[in-house]
Structures are given as C-alpha cells and as structure tokens.
Amino acid sequence: MKISIPENSKMHSKSFTFGVATASFQIEGAADSRLPCIWDTFCATPDKIRDGSDGKQACEHVALWKEDVNLIESLGVDAYRLSLSWGRVINQDGSLNQDGVNFYINLMDELNRRDIKVYVTLYHWDLPQHIEDEGGWLNRNTAYLFQDYADKITKALGDRVYSYATLNEPFCSSYLGYEIGIHAPGLATKAFGRKSAHHLLLAHGLAMQVIQKNSPQSLNGIVLNFTPCYPLTQSAEDKKATQIADDYFNQWYIKPIMDGEYPAIINDFAAGDKPDIEPGDMAIISQPIDFLGINFYTRAVYQACSDNQFVQIDMKDAPKTDIGWEIYPEAFTDLLTSLNNTYSLPPIYITENGAAIDDHIEDNAVNDIDRLEYYKAHLNAVNNAIEQGVKVDGYFAWSLMDNFEWAEGYLKRFGIVYVDYQTQKRTIKRSGLAYRDFINQRID
C-alpha cells in the first residue's frame, strides 16, 4: 500500500513543502543542561503522567542529533519543524546560554547544509519553572519576557531559520494547563484559562514585532490547533451549543489574531472570568502574520446541555486512533474551507497531522498500516481543500519519531519512526517509508 493523491494535485509540485515535526521537551533529553520547566515539575507530581515517566531522557536528541539529521534526510523531506527549549537558550537572569544556543546553531547549520529548511517554533509548552513561580502565563510580564527571549534568540540564530512560529497551540497551554489542569502547570480555573490565553496571544504579538525586525527574510507566524465542532443533531439547540463550543475552543485563538477581537461569547462570561485586556492589546495581537500554521487530528461532536451549554459526545462506534481520537478526515477539509471563508488568511501550512497507533516492532519492521491509511486520507482531505480554493503551501507529519507524549508519557506512539527507548534505536515504520516514497515521486 502507498500514499496517493490525484495526479493533478498542486501538492505534487516541489514548490509544496513536505516536512516532519518534533518538539523540544518531547525528544531532547539532556535535562541537566537546561533550566527546569513546568513539565519537569508536572512529571514529578504523582499521578499526573499515566506511566509515571518524565522527559529527562526522551529520545536523547541532544546526544543523537547527527544521527537524527541523517534520518530526516533519508526521508526526503524539504523541511524540519522543531521547537526551541526556552530554558536551554536563556539563563534565569535573562542572558543567553551560549552552550544551548550552539546546540541549535550546529543542528541548523547541518540541516541547511543538506538543503533541509528549518522551521522553528519558539514555544512548545515548556515554560521555565522560575517564570511559572512568578505566575507564569497568568502574569502579564511573562508576555514581555517572551518578547525578550524572541529578540535575543532570533538575533543569535541569524539567517539560519526559514520560518519562525511564535507559539504552538496556545489552546493547549491555556485550556489544558490553566483551565482544566490535565497539562502543566496543572491549574484548573476558568478564569485562569482565559487570562493565560490572553497573555499567550499578547506574547505572540509582542514577539512578532521583534521577529519581523530581526528576521524579515523568514516566514513568521503562529501555530494554532483546531478541533472542528459538529452538532449531534440538526436541532437548533445542538447547533447553538456547537457554535458556542467552536467559539470557546477554536475561534477564541484565531479571531483575535485575524480580527482584533474575541468571539462575542466573551460578553456572556462572568466578570471574574474575563481576561484583563489593556488598551492597545488587541492591536498588538492582530498585527499581520506571514503564515498560519494549522494542527489537526480529529473532530468533536456536541449536544446541548443546560448546565454547561454544551457537552461533547463520544462517538462510540466510530474508528479511532490509539489515543481515542475519532478518525474523520472530512473534518480536515471542512476546517480549512471554513477558516478560509471566515477570515482573510495568509498562506497556510499544516504544521501537524498524524495518528497514535499501537505499534509493534517485529523483525526490525513496523507494519503500521492504520497510520499509513490515516495519512493517505488526510493528505487527500488537504488536497480537497486546495481544490476548493484554500491556499495551503506545506504539510508536516507529526511526528518524526515516537516521543514523550505529555500526560500519556511514553504509552502513545505518533512517530513515522519507531524509537526503542531502552536502546534509542530508530526504525522507520512502513508509514515513514510510504511518506518518503510519496515525497520522492514529485517530478517538477
């Protein structure tokens, strides 16, 4: 079986970027050469990580980065999306940690030498713990600390970076981390969720100001995740509930960037749940971006509920990945076309898309047909959106290799490369080989 899309697809052109993606805390290891972060603290808290593990070792990427660059090159990709560890490159006093900076410089120089474009995300959830100790994303000053970090690291990296994203999935940082507490730092208050989200978006805008100044040649933007919302029935009640859920979980993060305002549901919040918005904030948040990164995995189905306005329904008979997320590729097309119809968007990059599968290695091979089928269906869903007029310029598979999967520990595998955590041996899965072959068959 192979990955295939229509012969006339624009995705067959070599001008369309294909890549793989990772995140620092999930792969790097080498915890002793960076500052502690909120995920170190969260992992050390009993019953927070399903298998009781942590990210101290992960995939030992800091030690094995040369091997990993060989691996990336062998897949034939055009680009590699990675995140920087804030606590690896910035000391507690705000100065650059040159050893940490040099690690990324060496990595990027080697990627560029092999004509692999470097896509950098400045923040993928690993806030230094000393900043959390001062309030973290609940403290408005953190947005300015992020701007300072962005200023210093973009100057230090020079012209090595093809693209910068300020944040990865502020929804996860704010909602999962501060509103329901299943991610670091493990706080659980509605007001905290909305307040942290505003400060994250403010941090994005402040960082964009210095990134565009320091690195005007790079493609600069933000990465947002979306879980498209569908009503269980076509009743007016379910439709209304679904719209509220969509505004709360999806539009809350994109509308301020594109339109300079939050969804109207903010007017229904209790006064104590509203974020503190200061004059000028929305102008900072909504300045132009060069691209929008979109992460997509699944959809959500909602029903009206008098207590909470909406409740998510488990589609019990639907096909699901190993992490329990419904496989519904049509939602990918619906998402892209809906966003395109709602906002005046810059070029879109699919910065994450993939599936957790219960992988097993036998005879040095992983026959992950389910993941291969997931990629085929979702690449075709992207193509369908392109055919309907959506400007998508690239696609990154999540993820390059199995890694520390946050609250799931090492129990869930998303990689197109299998990692034996005992030996750190990497083995390209069948899906990875199919992805390689799909990329390599482009002709122009």
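Which residues have the most contacts inside the largest nonpolar core? The points below take up that core and then the charged, aromatic and cysteine side chains of this predicted model.

1. The largest nonpolar core is made up of 133 residues, and the residues with the most contacts inside it are V20, W39, L84, L122, F146, Y395 and Y435. Of these, W39 can be followed in more detail: leaving aside residues up to four places away in sequence, W39 touches F25, I49, W125, D126, H183, A184, F404, W406 and A407. A second core, separate from the largest one, has 18 residues, among them A21, A23, V223 and W398.

2. Across the whole structure the search finds 28 salt bridges. In one of them, the side chains of R81 and E352 meet with an N to O distance of 3.2 Å. This pair links distant parts of the chain, with R81 in strand β2 (residues 79-83) and E352 in strand β10 (residues 348-352), 271 residues apart. Both partners deserve a look in the viewer, as R81 is buried and E352 is buried too.

3. A salt bridge also joins D281 and R140, whose side chains meet at 2.8 Å, N to O. Here again distant parts of the chain are linked, since D281 belongs to helix α11 (residues 281-285) while R140 lies in the loop between α6 (129-132) and α7 (141-157), and the two are 141 residues apart. D281 and R140 are each buried.

4. The salt bridge between K255 and D259 has its closest N and O atoms 3.0 Å apart. Its setting is a single helix, because K255 and D259 are four residues apart in helix α10 (residues 236-259) and are therefore separated by about one helical turn. As for accessibility, K255 counts as buried because its relative accessibility is 18%, whereas D259, at 39% relative accessibility, counts as partly exposed. Elsewhere, salt bridges that share partners join D359, D368, R371, D402, R413 and K429 into one network.

5. Turning to the rings, the structure holds 44 aromatic pairs. Y175 and F249 form one that is edge-to-face, at 5.2 Å centre to centre and with 75° between the planes. The pair links distant parts of the chain, Y175 being in helix α8 (residues 170-179) and F249 in helix α10, 74 residues apart. Y175 and F249 are both buried. A further edge-to-face pair is formed by Y374 and Y375, with 6.3 Å from centre to centre and 90° between the planes. Y374 and Y375 are likewise buried.

6. Y175 and F249 also belong to one aromatic cluster, which is formed by F171, Y175, Y248, F249, W252, Y253, Y262, F269, Y302 and F310. Within this list, Y248 has a charged neighbour as well, for the charged end of R194 sits over the ring of Y248, 3.7 Å from its centre. In another arrangement of a charge and a ring, R299 lies over the face of Y230, at 5.1 Å from the ring centre.

7. How many disulfides does the count give? The count comes to zero, and two cysteines may be examined individually. C37 has its closest cysteine sulfur in C43, but the distance from the sulfur of C37 is 7.8 Å, which means that the two are too far apart for a bond. C37 is buried, its relative accessible area being 3%. C172 is in no disulfide either, as the nearest cysteine sulfur, that of C229, is 14 Å away. Like C37, C172 is buried, in this case with a relative accessible area of 7%.

8. A last remark concerns P216, which is found in the loop between α9 (190-214) and β5 (219-226). Is P216 buried or exposed? With a relative accessible area of 56%, P216 is exposed. Its C-alpha atom is separated by 9.7 Å from that of D159, although P216 and D159 are 57 residues apart along the chain.

Conventions:
Residues are numbered from 1 along each chain as its sequence is written. This is a predicted model: local features need pLDDT of at least 70, side-chain atom pairs count only at pLDDT 80 or more; totals for chains, interfaces and linings use all residues. Side-chain values use heavy atoms; hydrogens and water are left out. A salt bridge is a side-chain nitrogen of Lys or Arg within 4 Å of a carboxyl oxygen of Asp or Glu. Buried means under 20% relative accessible area, exposed over 50%, partly exposed in between (1.4 Å probe, protein chains only). Rings of Phe, Tyr and Trp (its six-membered ring) pair if their centres lie within 6.5 Å; planes under 30 degrees apart count as stacked, over 60 as edge-to-face and the rest as tilted. A charge sits over a ring if NZ of Lys or CZ of Arg is within 6 Å of the ring centre and within 35 degrees of the ring normal. A disulfide is a pair of cysteine sulfur atoms within 2.5 Å. A nonpolar core is a set of buried Ala, Val, Leu, Ile, Met, Phe, Trp, Tyr and Cys residues joined through side-chain atoms within 4.5 Å. Contact means heavy atoms within 4.5 Å.
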